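Reader: I am new to this structure. Could you walk me through how to read it?

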2 protein chains.
Amino acid sequence: MSILNEFELFGNTNKAHDFIDSVKTKNFLFSFVISYTQTCEIPGITFAGADSDSIQYTPPADAEYLHYGHCKTISKIPMTPDGKPTPALLTKIALESASIPHLVINAGSKVSPQLPFIQTGLTFGKNISVESAMTDSQVVQAIDYGRIVGRSLASLTDCLIIGESIPGGTTTALAVLRGLGFNAKVSSSIPNNPVVLKNQIVNSALSRLDSDHPYQVVATVGDPMIAFVTGMLSSASEISKVILAGGTQMTAVLGFASKIGFNEDNTAIGTTSYITNDESANFKNLVSQIADIPAIAIDPGLKNSKYAGLKAFSEGFAKEGVGAGGSIIASMLKTGNTSTKFLDLAEKEYHRLFTSL
Amino acid sequence: MSILNEFELFGNTNKAHDFIDSVKTKNFLFSFVISYTQTCEIPGITFAGADSDSIQYTPPADAEYLHYGHCKTISKIPMTPDGKPTPALLTKIALESASIPHLVINAGSKVSPQLPFIQTGLTFGKNISVESAMTDSQVVQAIDYGRIVGRSLASLTDCLIIGESIPGGTTTALAVLRGLGFNAKVSSSIPNNPVVLKNQIVNSALSRLDSDHPYQVVATVGDPMIAFVTGMLSSASEISKVILAGGTQMTAVLGFASKIGFNEDNTAIGTTSYITNDESANFKNLVSQIADIPAIAIDPGLKNSKYAGLKAFSEGFAKEGVGAGGSIIASMLKTGNTSTKFLDLAEKEYHRLFTSL
């Protein structure tokens, strides 16, 4: 089928074909997990927001934009000062063009979105460069609540897509992966990936780690999203197919889940080619190190866009986030749409946003 | 089919047969809307809780019991001092025996449940005997958020069941029905229905009403549950089948929905025979007054129970609540179980609760 030509398959490619066959034309549900780590407040660590104060509003604003087409917590959609938009734009177009429903889950966001959402009561993670992200009991609570939500949502669909928004999350993901013993180099939302800074933070965090127990690793150097989504994956993958939609942050989830248990036969990771082609990271190798699961990458074709703001994604900006890659893959599997069609829809949305601002 | 013999059909009975045929063996989702009105603090108005201070904990405790099998907010499940349990017991058995998933929605509960739930940010309703329940903008917000949640949940199932827990809610329901011009006599959770007291409160509330505009009626004499669930019904019934699971409170929802619009062809009301047989109320007549929809009542057979606490439901205590009637109907439609089987399961759960306390 021609839609397969749109995807790059890696990890366990046999399983990737089986996974695609089993979910093609089926029902999908997109769950959008928003969270926060104070690690993002370290200057230079993220571009998820125009300035350091506005970073905390990015996750709820992404959720509001996905739902309403505009934000309520802030006046404009999250973007850089020069107009590069949030990857939520890609997710929104993907979900809407395929009538894929979505639910927002607050798993430690500093700010609640102004729409109905699933509340967990989890608190945000602390800055791992100076202190533990969470207490042990907070990690247990996050996993337990993740399991509850994963079980509920998986029972309502054939394939649960899980995306996330946690500014600074690639740094905590890198720390968790290394703490769990994986050889990880992570991607970033910034073209000139601040590798040196990230490694400093990660090394500082790992130096406080006195155990290789997975719960201890996540408590000391992780974030609430990683614990919560791991809980979701562990229960949901027993009930339905699951697409972990994201880049390096979802490999951290996969790494933690490989320690506490999940169903590999029902799980895939889905992301953009901007992640898999990132020379500063080792995404494909990392997935294979961690688990025997299929992985799928999509090139959304944004390099061909007439808008610089969309083209930027293909030039290393943002690359992924808000589950964009996995959402586009699910959207294409459900509708049979090509990346050419997707680019057309994304450009229309970009135009709408810039003329309505 | 024999399962039909378990039900009493009324309202539009032709539509009832069609409705049953269309959802039989399909997927159901139970949504449990918890809320609060200060009207319940008037002495003598409700039995939903052992004493007046504990009433506020009943909705979250019902939610916790449904999910965990025990409560977290309070130490025991909601019950009267002499051991008559919450109708959540019936709902729990119905949902579990048919593997029907459920989600909890906080639409104005004074206390949040200790589990993941859908958060709306709505505030509780005020005591309608002395002041307006809500502002106009709070009513609009409740309807809007109800519409959002109804749309999301209906897209995830073939049939959305909506149940509620709002202590004192039969009084606000009575006021809304009368304010909207329906001839209503409402049921109660107390065997000797405090008709005189309820009518005093309702008359006092209606005397402050200076408009028959439906939004004004709900703002002045209603509660957040009625506004929110009406919003849910209006959007959900465009997408899936909907069972309003409840007694008089759900007729108030139906009354308000009949003013703002909903799809009658996808909507049914489902309740227990303890409601339809209540001589102090006029449930069947009321449903027919309001809308051309099917209605289904189930006799769960609790009069045959060996436990006084279960038998009490058939003697006028509680009668309905937490969507028990609609849940039992959905459970039987999905599994083909009879009320005899249901009684057996309910007695096992009652025994478990009383030996584990």
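Author: Happily, starting with a term for packed helices: a crossing is left-handed if the near helix is turned anticlockwise from the far one by less than a right angle, and right-handed if clockwise. This is a predicted model, in which local features need pLDDT of at least 70, side-chain atom pairs count only at pLDDT 80 or more, and totals for chains, interfaces and linings use all residues. Residues are numbered from 1 along each chain as its sequence is written, while chains are lettered from A and ligands numbered from 1 in the order in which they are written.

Reader: In which sense does α9(B) cross α11(B)?

Author: α9(B) passes α11(B) in a left-handed crossing. Helices here are DSSP runs of H or I with at least four residues, strands are runs of E with at least two, and both are numbered from the N terminus.

Reader: What else describes such a pair?

Author: Two packed helices are described by the angle between their axes and the distance between the axes. For α9 (residues 248–260) of chain B and α11 (residues 283–290) of chain B, the angle is about 10° and the axes are 10 Å apart. Axes are lines fitted to C-alpha atoms, for helices over the stretch in contact, and angles run from 0 to 180 degrees between N-to-C directions. α9(B) and α11(B) are therefore roughly parallel to each other (angles under 35 degrees; over 145 is roughly antiparallel, 65 to 115 roughly perpendicular and the rest oblique).

Reader: At what angle do α8(B) and α9(B) pack?

Author: α8(B), residues 224–236, packs on α9(B) at about 55°, with the axes 9 Å apart. These two helices are therefore oblique to each other, and α8(B) passes α9(B) in a right-handed crossing.

Reader: How are chains A and B related?

Author: Two copies of a chain are related by a rotation about an axis and a shift along it. Here a rotation of 180° with 0.0 Å of shift superposes chain A on chain B, with an RMSD of 0.0 Å (a least-squares fit on C-alpha atoms of residues with pLDDT of at least 70 in both). The two copies are thus related as by a two-fold rotation axis. Of the residues of chain A, A:I118 comes closest to that axis, at 2.1 Å (C-alpha).

Reader: Which residue is the bridge partner of A:I118 in β4(B)?

Author: The partner is B:I118. β4(A) and β4(B), residues 117–119, pair in the antiparallel sense over three bridges (pairing takes at least two DSSP bridges).
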